[in-house]
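Biologist: Could you walk me through how to read a fold like this one, feature by feature?

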Amino acid sequence: MGALNLGEIVATTLRNRNKKMADNITNDNGLLATLKEKGHMKPCHGGRTLVEPLSYAENTSAKWYDGYETFTITEQTDQIDAAEFDWKQLGGFAMISGIEEIKNAGKYAAINLIKARIDVLEATLKNKAGEGVYADGTGNAGKEFGGLQLLVADAPSGAGTVGGIDQAANTWWRNQTNSVAITKDNIGETMNAMWLACERGKDQVDQIQADTVMYSAYEASLQQYQRFADSKKAAQGFEALKYKSADVVHDDQCPEKHMYFLNTDYLYMQVSPKREFKVGKERKIENGDYTVIPVFFAGNLTVSNRARQGVIIDSTA
């Protein structure tokens with residue numbers, strides 16, 4: 001039997017799982033799965049930042065009028081702006097050393113080794129992406145996603161900027177928030193109040209992400225009513241209930257004692273199509289005896305309307 005090129009096996013095996021890897025990673029998180037389903041995994045083909053256009057003021061010329069009244073149209077006020085978010089990158093490598101090539105000379109032994117390495121890389125990227133969805137953008141020296149702890153902040157009236165916009169100075173650029181000692185007896189009324197705070201006509205919350213504490217309290221409040229899991233989310237593999245028209249999804253990576261009320265019409269994962277968990281070219285390390293294949297992601301979570309998002313925090317000690 002001739003020499004076996006394990007570097008080629010690494011590349012081929014990993015590339016064969018290219019699309020599957022991207023799908024598995026995004027579908028492993030309830031929020032990312034919803035954004036993907038709604039077409040909110042938005043491709044961004046370049047630019048210094050990720051830009052999210054938004055409107056923040058009414059047209060001042062609009063008014064009730066009678067007969068020949070005149071309108072004030074001499075001054076155009078600023079009504080449209082944009083939030084800007086930084087690119088964030090995530091990646092990892094599958095690799096095999098020279099000695100491993102020797103030890104795994106059989107074709108199927110080599111493939112099994114590489115598949116195991118790819119499984120580990122995929123699981124690791126899933127975990128990193130899942131954590132990033134909830135990050136505040138400051139972790140790992142500011143390299144993590146600006147996730148829900150930034151976009152749907154616990155203290156949205158405090159100092160700081162989101163998307164380059166000062167949230168303390170601009171009341172319209174604040175999400176809804178409430179901190180209360182949660183029990184199974186009051187979680188329903190607390191959720192009702194948050195729903196109304198986020199609602200604007202038919203503009204409503206469609207997904208609620210909850211940690212174990214908050215999800216368990218809500219589930220306990222429903223026991224007497226024999227409410228069942230949402231069938232669609234259950235089919236996707238998520239532990240989920242219904243609240244009004246929204247899915248309530250349990251996520252063990254959600255920050256402790258948090259429940260996020262999300263209107264995903266205004267949430268996006270902007271991503272470079274060239275780096276949506278894409279498999280890169282095989283690299284033979286020049287000053288070492290191993291071969292690596294990279295998998296890269298570049299993008300970030302963005303929001304265009306924070307006022308339609310909310311968070312409930314359980315203040316119980």
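Modeller: Happily; we will go from the whole chain to a sheet, then to a helix and a few single residues. Keep in mind that this is a predicted model.

Biologist: What does the secondary structure of the protein chain come to?

Modeller: The chain has 10 helices and 15 strands. Of its 317 residues, 45% are buried. Among contacts between residues at least 6 apart in sequence, 74% join residues at least 24 apart.

Biologist: On to the sheet, then. What is the strand order in the open sheet of 6 strands?

Modeller: The general idea is that strands of a sheet pair through backbone hydrogen bonds, either parallel or antiparallel. Here the order is 7-15-11-8-10-9, and the pairing is mixed. Strand 7 (176-180) and strand 9 (240-243) are the edges, each pairing on one side only. From one strand to the next, the twist averages 20 degrees.

Biologist: In which sense does strand 8 pair with strand 10, and in which with strand 11?

Modeller: With strand 10 (residues 246-250), strand 8 (residues 207-210) pairs in the parallel sense, over 4 bridges. With strand 11, strand 8 pairs in the antiparallel sense, also over 4 bridges. Ile208 is a handy residue to click on: its bridge partner in strand 10 is Val248, and its bridge partner in strand 11 is Phe261.

Biologist: How does strand 11 continue the sheet towards strand 15?

Modeller: Strand 11 and strand 15 pair in the antiparallel sense over 4 bridges, with Tyr260 opposite Val311 in strand 15.

Biologist: Why is strand 11 described as largely enclosed by the rest of the structure?

Modeller: Look at both faces of a strand when you judge its surroundings. In strand 11, 5 of the 5 residues are buried, so the strand is largely enclosed by the rest of the structure. His258, Tyr260 and Leu262 are buried on one side, and Met259 and Phe261 are buried on the other.

Biologist: Which strands does helix 8 lie across?

Modeller: Helix 8 (residues 187-198) lies across strands 7, 8, 9, 10, 11 (258-262) and 15 (310-314), and runs at about 165 degrees to strand 7. Helix 9 (residues 212-222) packs on the sheet as well, touching strands 8, 9, 10, 11 and 15. The direction of helix 9 makes about 65 degrees with that of strand 9.

Biologist: How do I read the two sides of helix 8?

Modeller: An α-helix has 3.6 residues a turn, so residues three or four places apart point the same way. Helix 8 has 12 residues and reaches 16 Å from its first C-alpha to its last, close to the 16 Å expected at 1.5 Å a residue. Its buried residues are Ile187, Thr190, Met191, Met194, Trp195 and Cys198. Seen down the axis, these buried residues fall within an arc of 140 degrees, so they line one face of helix 8. On the other side, Glu189 and Leu196 are exposed.

Biologist: Back to the edge of the sheet: is Asn178 buried or partly exposed?

Modeller: Asn178, in strand 7, is partly exposed, with a relative accessible area of 31%. Leaving aside neighbours within four places in sequence, Asn178 is in contact with Thr190, Met194, Val311, Ile312 and Ile313. Two of those names, Thr190 and Met194, you met among the buried residues of helix 8. Asn178 also shows how the chain folds back: Ser315 is 137 residues apart from it in sequence, yet 9.5 Å apart in space, C-alpha to C-alpha.

Biologist: Which residues other than glycine have a positive phi?

Modeller: Most residues other than glycine have a negative phi, and most peptide bonds are trans. Lys257 and Phe277 are two with positive values: phi is near 65 degrees for Lys257 and near 55 degrees for Phe277. Lys257 is in the loop between strand 10 and strand 11, whereas Phe277 is in strand 12 (residues 267-279). Phe277 is buried, with a relative accessible area of 4%.

Biologist: One last residue: what does the side chain of His40 reach?

Modeller: It reaches the backbone oxygen of Leu267, at 2.8 Å. His40 is in the loop between helix 3 (30-37) and strand 1 (41-43), and is buried, with a relative accessible area of 10%. Not counting residues up to four places away in sequence, His40 touches Leu35, Thr264, Asp265, Leu267, Tyr268 and Met269.

Methods. Residues are numbered from 1 along each chain as its sequence is written. This is a predicted model: local features need pLDDT of at least 70, side-chain atom pairs count only at pLDDT 80 or more; totals for chains, interfaces and linings use all residues. Side-chain values use heavy atoms; hydrogens and water are left out. Two strands pair if DSSP finds at least two bridges between them. Axes are lines fitted to C-alpha atoms, for helices over the stretch in contact, and angles run from 0 to 180 degrees between N-to-C directions. Contact means heavy atoms within 4.5 Å. The expected span of a helix is 1.5 Å times one less than its number of residues. Buried means under 20% relative accessible area, exposed over 50%, partly exposed in between (1.4 Å probe, protein chains only). The arc is that of the directions from the helix axis to the C-beta atoms. A polar contact is a pair of N or O atoms within 3.5 Å; within protein, one must be able to donate a hydrogen and the other to accept it, and residues adjacent in sequence count only if both atoms are side-chain atoms.
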